[in-house]
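Student: Got a minute to go through a model with me? I'd like to see how its parts touch.
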There are 2 protein chains.
Amino acid sequence: MSRRKATAGSDAETRALAELRHLVLAAQREGNRWLADELRPAGLTPSQAEILSVLAEQGELTLAEVGRLIVCETGSPSRVVDLLVKRNLVRREPGTVDRRVVHLSLTAQGRDLMETVTKAEHALNMAMLQALSAQERNTLATLLRRVLVGTGSGEAISKRYGLG
Amino acid sequence: MSRRKATAGSDAETRALAELRHLVLAAQREGNRWLADELRPAGLTPSQAEILSVLAEQGELTLAEVGRLIVCETGSPSRVVDLLVKRNLVRREPGTVDRRVVHLSLTAQGRDLMETVTKAEHALNMAMLQALSAQERNTLATLLRRVLVGTGSGEAISKRYGLG
DNA sequence: GCAGTGTCGGTGACACGACATCAATGATGA
DNA sequence: TCATCATTGATGTCGTGTCACCGACACTGC
């Protein structure tokens, strides 16, 4: 047929693309639910665990830096951090040299929780390990990376995992 | 090392799995933002468009049926539908034979909007068409389907697209 | 110094997503 | 028939994601 590079597409093609969109959506939702289940006993949500994770990895960060590292949230994650501060898991101290910024770091209590967080992520990892071989996981990652080229989230991920 | 099949995994492996989780998350977020941008002029959100889509595809459905077909939302999407009814895009009539159920269908106004919805989905499709070849898209779909085996979302998708 | 520009963090508004609970109704079986 | 159980849909609550907006502050060039 006279199908060209990036034009409309047949009905079947549209359908396949819609399925693909839904598959991505579904994978995210299922993963999030799984993670939420694992984290619930610790009183944490996936988003909160994300924040704790980057702080555990990178040490002290400003709010904007955290916002750029985590995939979630376009703006700055002020409110999620608020909850963590209230629960004494994260310390927030105003910057002295640049007085706009806020420096975030884990408290001792927050560091203690990291073990639980790691264990929860492990549960999700197991599911993926069982479903896909190492090579398939690599293929999946490569394709998704390709889809995300040129997006902010893509940048965030390659900054966090790339060339690592 | 005495590393076995589906046990803990090395540090590098854990890192790779975390990246994979984030890639899925990022793909979903970026897609959703893209779709939201396209739908905003029409005053629709991606979730709302989802509901309109299934109703356009399948005709009249009950709330529970819609809930099972769409990937989103674990319970029943009462509230999203509420908004659509208020905006006169969806008709909601109580069931007569089973008086618990509620029958949903598109209004003429809702059907008119479908063109816009289709066009918005198209925009997202284009992005995927440009990033991946047909074969790569197929691979991606296959792998994601595998990850979703045994999950509710997986069921929903194969019910909607499977054996089609 | 100073005006214009951009960045940082916070907040209000709105809609979702997930969970728990509830009343109404239907289905089942003693 | 009647008690029990399951399903449907609605609702309250909480946290999140997104956008728009704001004030505070830093930086740049003049």
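Tutor: We'll take the protein interface, then the DNA strands.

Tutor: This is a predicted model, where local features need pLDDT of at least 70, side-chain atom pairs count only at pLDDT 80 or more, and totals for chains, interfaces and linings use all residues. Residues are numbered from 1 along each chain as its sequence is written, chains are lettered from A and ligands numbered from 1 in the order written, and side-chain values use heavy atoms, without hydrogens and water.

Student: How many residues of chain A and chain B are in the contact?
Tutor: Chain A gives 55 and chain B gives 54. Contact means heavy atoms within 4.5 Å.

Student: How much area do chain A and chain B bury?
Tutor: About 5900 Å², with 69% of it on carbon and sulfur atoms. Buried area is the accessible area (1.4 Å probe) that two parts lose on being put together, summed over both.

Student: How many salt bridges between chain A and chain B?
Tutor: Eight. One of them joins Arg21(A) to Glu121(B), with the closest N and O atoms 3.4 Å apart. The rule is a side-chain nitrogen of Lys or Arg within 4 Å of a carboxyl oxygen of Asp or Glu.

Student: Which element gives the largest share of chain A's side?
Tutor: H1(A), with 19 residues. Helices here are DSSP runs (H or I, at least four residues), numbered from the N terminus.

Student: OK, DNA. Which residues come closest to DNA strand C?
Tutor: Arg29(A), Ala64(A), Arg79(A), Arg100(A) and Thr45(B), out of 28 that surround the strand. Sugar and phosphate make up 71% of the strand C atoms that come within 4 Å of the protein.

Student: Which atoms of DNA strand C do Thr45(B) and Arg79(B) approach?
Tutor: A polar side-chain atom of Thr45(B) lies 2.7 Å from a phosphate oxygen. For Arg79(B), a polar side-chain atom is 3.3 Å from a base nitrogen. Val102(A) uses a backbone N or O atom, 2.9 Å from a phosphate oxygen.

Student: And which residues come nearest to DNA strand D?
Tutor: Thr45(A), Arg29(B), Ala64(B), Arg79(B) and Arg100(B), of 28 around that strand. Sugar and phosphate account for 68% of the strand D atoms within 4 Å of the protein.

Student: How far is Arg29(B) from a phosphate oxygen of DNA strand D?
Tutor: A polar side-chain atom of Arg29(B) sits 2.6 Å away. For Arg33(B), the distance from a polar side-chain atom to a phosphate oxygen is 2.8 Å. Ala64(B) places a backbone N or O atom 2.5 Å from a phosphate oxygen of this strand.

Note on methods:
A residue is near a molecule or strand if one of its heavy atoms lies within 4 Å of it. A polar contact is a pair of N or O atoms within 3.5 Å; within protein, one must be able to donate a hydrogen and the other to accept it, and residues adjacent in sequence count only if both atoms are side-chain atoms. Helices (H or I, at least four residues) and strands (E, at least two) are DSSP runs, numbered from the N terminus.
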